[in-house]
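Reader: Could you take a close look at one part of this model for me, where ligands and open space are concerned? I would enjoy one connected account.

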Amino acid sequence: MTSDASAAVNSQLRLHILASGSKGNACVVQSANTKILIDCGISYRELTRRAAVLNVDLSDIAATVVTHEHSDHTAGLSVWCKHFTGPMLATKGTAGARKHLAVLPFKAIDRNADFEIGDIRVRCFPTSHDVVDPIGFRFEAHGDALGYCTDSGVLTQPALELLHNVRILALEANHDPRMLAHSSYPLFLQERIGGAQGHLSNEQACTALTTLVTKKTEYVIAMHLSQENNRPGLAVKTLSQAVGATPQNDMGTRAATADKFLSIVCAAQDAPMTIE
Ligand SMILES: [Zn+2]
Ligand SMILES: [Zn+2]
């Protein structure tokens, strides 16, 4: 852990994780008066059902941002669009990559775009994935910061810079390399997932945490876990090594530092949760 951050606690941002994993992704970032939807890879029915579970009103979502074109991030966008009148933001590459996306009213942003939606500043960075122009985000509001990065085989330099020193860090921990190597997946798929344009492993996420986490960091959320090649307890155990956290429950799916300031938790495919 580095110690160059202010230890001031300023909890302005929340992350509502509605779905995370290869079967669908959707999250809402919320500040005092603004909400932004990140990706919509689940059906409208599931999106609204899960939002209701977390008491999140989707009627005032101010903008929708899309990380990349894979269907686990975009499958629900067409129907979402019928209920949503705000701006839909994606890179030109993402917006043009698939037929069902090309017909949607996207406003193009560049991979290093930096803009404001209500009281949230959105700072984009390139991720490394086998698609056209994928991105991740740093959200800032009133001194608080939240980093969001999934679907990236490695962390790009801008990602490392923008994910540093956030209070809430939502970072992909997709697979355990040993489980992947012994999985039933064909070799080409193992190589794709484990490659530089695939997905971050538990180990890669752990290494990244040693530089990303600061005194300001209260939550690390392991995102986009593979259901075949990872286990929540294993992801949390591996990430814990970076910050000296110890298990907080029998399953080891939650860990915390000795002073309880920093918690490590796992996002789930089908169990919505709010981090605040
Ligand atoms: Zn994905
Ligand atoms: Zn993807």
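Author: Happy to. One definition first: Ala, Val, Leu, Ile, Met, Phe, Trp, Tyr, Cys and Pro count as nonpolar, Asp, Glu, Lys and Arg as charged, and the others, with Gly among them, as polar. Please also keep in mind that this is a predicted model.

With that in hand, let's start at the second largest pocket. Its lining divides into 5 nonpolar, 5 polar and 1 charged residues. The residues in question are Ser20, Leu225, Ser226, Gln227, Asn230, Arg231, Pro232, Cys266, Ala267, Ala268 and Gln269, and the space they border comes to about 170 Å³.

The largest pocket holds about 280 Å³ of space. Of its 16 lining residues, Ser22, Arg192, Ile193, His199 and His224 are the closest to the centre. Two elements, α2 (71-74) and α8 (187-194), each give two or more residues to this lining; α8 contributes the most, with 3 residues. By class, the lining of the largest pocket has 3 nonpolar, 8 polar and 5 charged residues.

His224 takes us from the pocket to the metal. Besides being among the residues closest to the centre of the largest pocket, His224 is a donor to the zinc ion (ligand 1) through NE2. Asp72 (OD), His73 (NE2) and Asp151 (OD) complete that set of donors, at 2.1 to 2.2 Å. Asp72 and His73 are both buried. Along the chain, the donor residues of the zinc ion (ligand 1) are spaced D-H-x77-D-x72-H. The angles among the 4 donor atoms run from 93 to 161°, and the site is irregular.

Now for the neighbouring ion. The zinc ion (ligand 2) is coordinated by His68 (NE2), His70 (ND1), His129 (NE2) and Asp151 (OD), at 2.2 to 2.4 Å. Asp151 therefore appears in both sets: this residue bridges the two zinc ions, which lie 3.5 Å apart. Why is the arrangement around the zinc ion (ligand 2) irregular? Its 4 donor atoms subtend angles of 91 to 169°, and four donors count as tetrahedral only if all angles lie between 85 and 135 degrees. For the sequence-minded, the donors of the zinc ion (ligand 2) follow the spacing H-x1-H-x58-H-x21-D. Within that set, His129 and Asp151 link distant parts of the chain, 22 residues apart: His129 sits in the loop between β8 (120-126) and β9 (135-141), and Asp151 in the loop between β10 (144-149) and α6 (157-162). Both residues are buried.

The loop that holds His129 deserves another glance. Asp133 is also found in the loop between β8 and β9, and its phi is near 55°, a positive value in a residue other than glycine. That catches the eye because most residues other than glycine have a negative phi. Asp133 is partly exposed, with a relative accessible area of 30%. One loop along, between β9 and β10, comes His142. Its phi is positive too, at about 50°, and His142 is partly exposed at 48% relative accessible area.

A last histidine rounds things off. His175 lies in the loop between β11 (168-172) and α7 (177-181). Is His175 buried or exposed? It is buried, with a relative accessible area of 3%, and its side chain makes a polar contact of 2.9 Å with that of Asn174.

Terms used
Residues are numbered from 1 along each chain as its sequence is written. Chains are lettered from A and ligands numbered from 1 in the order in which they are written. This is a predicted model: local features need pLDDT of at least 70, side-chain atom pairs count only at pLDDT 80 or more; totals for chains, interfaces and linings use all residues. Side-chain values use heavy atoms; hydrogens and water are left out. On a 1 Å grid over the protein atoms alone, a cavity is a set of points where a 1.4 Å probe fits but cannot get out, and a pocket is an open set with protein on both sides within 12 Å along at least five of seven lines; lining residues have an atom within 4 Å of a point. Grid points are joined across faces, edges and corners, and a volume is the space filled by probe spheres set on the points. Helices (H or I, at least four residues) and strands (E, at least two) are DSSP runs, numbered from the N terminus. Donors are N, O and S atoms within 2.8 Å of the metal (3.2 Å for Na, K and Ca); water is not among the atoms, so sites may look incomplete. Four donors count as tetrahedral if all angles lie between 85 and 135 degrees; four count as square planar and six as octahedral if opposite donors are over 155 degrees apart and all others between 65 and 115; anything else is irregular. Buried means under 20% relative accessible area, exposed over 50%, partly exposed in between (1.4 Å probe, protein chains only). A polar contact is a pair of N or O atoms within 3.5 Å; within protein, one must be able to donate a hydrogen and the other to accept it, and residues adjacent in sequence count only if both atoms are side-chain atoms.
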